[in-house]
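Q: Please take a close look at a single part of this structure and explain how it is set within the rest. The account should suit a reader who is new to the structure.

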Amino acid sequence: VNAIYLKADWFFPFNAELTAPEPFTLLDGSQIEVDTMQFNEFLPSGSGEAWTAAQIPYAGEELSMIVVVPNNLGKFRDNFDAKRIKRIRRSIEDGGIHLHLPKFELSYHTSLVDPLKALGMTSAFGLGADFSGMTGSAALFIDAIEHETYVKVDEQGTEAAGATGTDMPLSHGPTVLVDKPFIFWIQDDATGAILFLGQVTDPRG
């Protein structure tokens with residue numbers, strides 16, 4: 001079992017009083033209303049062919065969340081790789097932004113046995129395994145590897161950062177409207193290492 005846990009406040013918290021229901025278009029074209037957070041401040045943002053992105057820093061300014069809203073999630077995901085991530089990161093620049101981001105909560109559970117076998121890790125499973133160098137016993141083998149992820153995103157932030165407020169005059173910047181299925185990742189800003197990566201097709205979970 002591998003576990004990772006992150007609880008981090010936003011560097012610039014969202015004002016909960018501005019959160020309001022807004023339409024969100026699902027993959028099948030139908031619309032729902034979800035609680036959507038508002039931010040009119042200076043945040044890094046970027047755009048490319050058929051997508052927009054915003055970078056939201058966490059308190060401490062060591063981690064941030066990148067939210068990417070493609071026009072078509074399926075087509076975007078088909079070509080989503082390390083090179084595209086680099087292009088998205090290079091496009092992001094500081095500036096004013098109007099961000100509409102739905103609150104969301106999601107969880108995911110899966111077995112990693114088949115993916116690891118597909119990557120070539122086959123001898124560790126079943127009676128052919130040999131862990132005697134680690135345990136002194138040749139009778140051990142891996143039977144299951146379970147992975148579970150939980151992510152919850154809401155307005156909460158640090159009290160000190162709350163002093164910046166979100167009621168300042170409009171920032172004369174682009175609008176990043178997260179009103180359709182999107183991709184997000186949480187990264188270490190110094191190294192670029194991605195800690196969490198996922199897609200949200202329905203913010204209700």
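A: **One strand and its surroundings**

The protein chain holds four helices and eleven strands; helices (H or I, at least four residues) and strands (E, at least two) are DSSP runs, numbered from the N terminus. The model is predicted, so local features need pLDDT of at least 70 and side-chain atom pairs count only at pLDDT 80 or more, whereas totals for chains, interfaces and linings use all residues. Residues are numbered from 1 along each chain as its sequence is written, and side-chain values use heavy atoms, with hydrogens and water left out.

Of the 205 residues of the protein chain, 39% count as buried. Here buried means under 20% relative accessible area, exposed over 50%, and partly exposed in between (1.4 Å probe, protein chains only). Among contacts with a separation of 6 or more in the chain, 72% join residues 24 or more positions apart; a contact means heavy atoms within 4.5 Å.

The part chosen here is strand β5, residues 63-70, to which Ser-64 belongs. This strand is mostly covered, as eight of its eight residues are buried. In a regular strand the side chains alternate between the two faces of the sheet. On one side of β5 stand Leu-63, Met-65, Val-67 and Val-69, and on the other Ser-64, Ile-66, Val-68 and Pro-70, all of them buried.

The sheet around the strand comes next. Five strands form an open sheet with antiparallel pairing, in the order β3-β4-β5-β10-β11; two strands pair if DSSP finds at least two bridges between them. The edges are β3 (45-48) and β11 (194-200), each of which pairs on one side only. From one strand to the next, the twist averages 15 degrees; axes are lines fitted to C-alpha atoms, for helices over the stretch in contact, and angles run from 0 to 180 degrees between N-to-C directions. Helix α2 (residues 82-91) packs on this sheet, where it touches β3, β4 (51-57), β5, β10 and β11, and its direction makes about 80 degrees with that of β10.

Strand β5 has a partner on each side in this order. With β4, it pairs in the antiparallel sense over seven bridges, and Gln-55 has Ile-66 of β5 as its bridge partner. With β10 (residues 182-188), which also runs antiparallel to β5, there are six bridges. Along that pairing, Leu-63 stands opposite Asp-188, and Val-67 has Phe-184 as its bridge partner.

The hairpin of β4 and β5 has five residues between the strands, and Gly-60 takes a positive phi near 95 degrees there. Most residues other than glycine have a negative phi. Glu-61, in the loop between β4 and β5, has a positive phi of about 55 degrees although it is not a glycine. Glu-61 counts as exposed because its relative accessibility is 53%. Ala-50, in the loop between β3 and β4, likewise is not a glycine and has a positive phi, of about 70 degrees.

Within the strand, Ser-64 is buried because its relative accessible area is 0%. Its side chain makes a polar contact with the side chain of Gln-55 at 2.9 Å; a polar contact is a pair of N or O atoms within 3.5 Å, where within protein one must be able to donate a hydrogen and the other to accept it, and residues adjacent in sequence count only if both atoms are side-chain atoms. Beyond its neighbours within four places in sequence, Ser-64 is in contact with residues including Ile-56, Tyr-58, Trp-185 and Gln-187.

Two nonpolar cores also involve this strand. A nonpolar core is a set of buried Ala, Val, Leu, Ile, Met, Phe, Trp, Tyr and Cys residues joined through side-chain atoms within 4.5 Å. The largest has 30 residues, and Met-65, Val-67, Leu-99, Leu-101 and Phe-182 have the most contacts inside it. Among the elements that give two or more residues to this core are β5, β6 (96-102) and β8 (146-153). A second, separate core of twelve residues includes Ala-53, Ile-66, Val-68 and Phe-76. Leaving aside neighbours within four places in sequence, Met-65 is in contact with Trp-10, Phe-104, Val-153 and Phe-184, among others.

At the end of the strand, Pro-70 is among the residues in contact with Pro-181. Pro-181 is found in the loop between β9 (175-177) and β10, and it counts as buried because its relative accessibility is 6%.
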